[in-house]
Structures are given as structure tokens and as C-alpha cells.
Amino acid sequence: MTDKLDVLLEQVHAELQKVDKVDADSLKLLQDLEQDVQSLLKKAEVETPSILERMQDAVEQFEVEHPTLTTLLSEVSTILSNAGI
């Protein structure tokens, strides 16, 4: 992973901590994303297609209320896709 990706993942982690007052489905999505981010930061083996799908779902769901989070998720998704992950 690149240093830029690590920085972006740390930023995503910080933004995920700021999100509050969401419905049960959104909360589950956020919890799963948080686990994905932690796994990527630890450089653990992760199931990449599901991570990319969750990131895309989160971008679509949170783009209006959490634009910073969605921008970061889009950047991370692009880096992962370009790296063939």
C-alpha cells in the first residue's frame, strides 16, 4: 500500500468516528467500513470486492450529509481499483 493510501485510510477512519444519528442499515454499513479500514491499515488480508462495494454503497448513501467522507471513500476506492486490488 502506498503512503497516500495509508493517509487517506486514516482520514476515512477519523470521518467515520464523526458520523452520528444514522438508521440501523447505515450504522451496519459504517461498522463494516470501519472494520475494512482497520484491516487495510493493518495490511491484513481482506476481501477486496466487498470492500469496494461497501465503499460505493457508502458514497451513494452519505454523499449529501457527509461530503468529506464520501470524497475520501471515492479516493480510496480509486487507488485500490488502480492497484488491481
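Arg54 forms a salt bridge with Asp36, and their closest N and O atoms are 2.7 Å apart. Arg54 belongs to helix α3 and Asp36 to helix α2, so the pair ties together parts that are 18 residues apart in sequence. Asp36 is buried, at a relative accessible area of 8%. This is a predicted model, so a word on confidence comes before the rest of the tour.

The chain averages a pLDDT of 82. Of its residues, 91% score at least 70. Confidence is lowest in α2, where the mean is 82. It is highest in α4, at 86.

Return to the charged pairs. The whole structure holds 3 salt bridges. One of them joins the side chains of Lys28 and Asp32, with N and O at 2.9 Å. Both residues sit in helix α2, 4 residues apart, or about one turn of the helix. Their surroundings can be read from accessibility. Lys28 is partly exposed, with a relative accessible area of 47%. Asp32 has a value of 16% and is buried, because the cut-off for that class is under 20%.

Another salt bridge lies in helix α1. Here the side chains of Glu15 and Lys18 meet, at 3.1 Å from N to O. The two residues are 3 apart in α1, which means a separation of about one helical turn. Glu15 counts as buried, at 16% relative accessibility. Lys18 counts as exposed, at 56%.

Now follow α2 from its start. Asp23 caps the N-terminal end of this helix. A side-chain oxygen of Asp23 lies 3.1 Å from the backbone nitrogen of Asp25. Ser26 comes next on the path, within α2. Its relative accessible area is 4%, so Ser26 is buried. Leaving out neighbours within four places in sequence, Ser26 is in contact with Gln61 and Phe62.

The buried residues of α2 include nonpolar ones such as Leu29, Leu30, Leu33, Val37, Leu40 and Leu41. Charged or polar side chains are on the list too, among them Ser26, Asp32, Glu34 and Asp36. The length of the helix can be checked. At 1.5 Å a residue, the 18 residues of α2 should span 26 Å. The end C-alpha atoms are 26 Å apart, so the two figures agree. Just after α2, Lys43 takes a positive phi of about 60°.

The nonpolar interior is the last stop. In soluble globular proteins, nonpolar side chains tend to be buried together. In this model, the largest nonpolar core has 23 residues. Val12, Met55, Leu73 and Val76 have the most contacts inside this core. Four helices contribute: α1 (3-18), α2 (24-41), α3 (48-62) and α4 (67-82) each supply at least two of its residues.

What does Leu73 touch, not counting residues up to four places away in sequence? Its partners are Val12, Leu33, Met55, Ala58 and Val59. Val12 falls within the range of α1, and Leu33 within that of α2. Met55, Ala58 and Val59 fall within the range of α3. Leu73 itself falls within α4. The contacts of this one leucine therefore reach from α4 to α1, α2 and α3, given the cut-off of heavy atoms within 4.5 Å.

Definitions and conventions
Residues are numbered from 1 along each chain as its sequence is written. This is a predicted model: local features need pLDDT of at least 70, side-chain atom pairs count only at pLDDT 80 or more; totals for chains, interfaces and linings use all residues. Side-chain values use heavy atoms; hydrogens and water are left out. A nonpolar core is a set of buried Ala, Val, Leu, Ile, Met, Phe, Trp, Tyr and Cys residues joined through side-chain atoms within 4.5 Å. Buried means under 20% relative accessible area, exposed over 50%, partly exposed in between (1.4 Å probe, protein chains only). The expected span of a helix is 1.5 Å times one less than its number of residues. A polar contact is a pair of N or O atoms within 3.5 Å; within protein, one must be able to donate a hydrogen and the other to accept it, and residues adjacent in sequence count only if both atoms are side-chain atoms. pLDDT is the predictor's confidence in each residue, from 0 to 100. A salt bridge is a side-chain nitrogen of Lys or Arg within 4 Å of a carboxyl oxygen of Asp or Glu.
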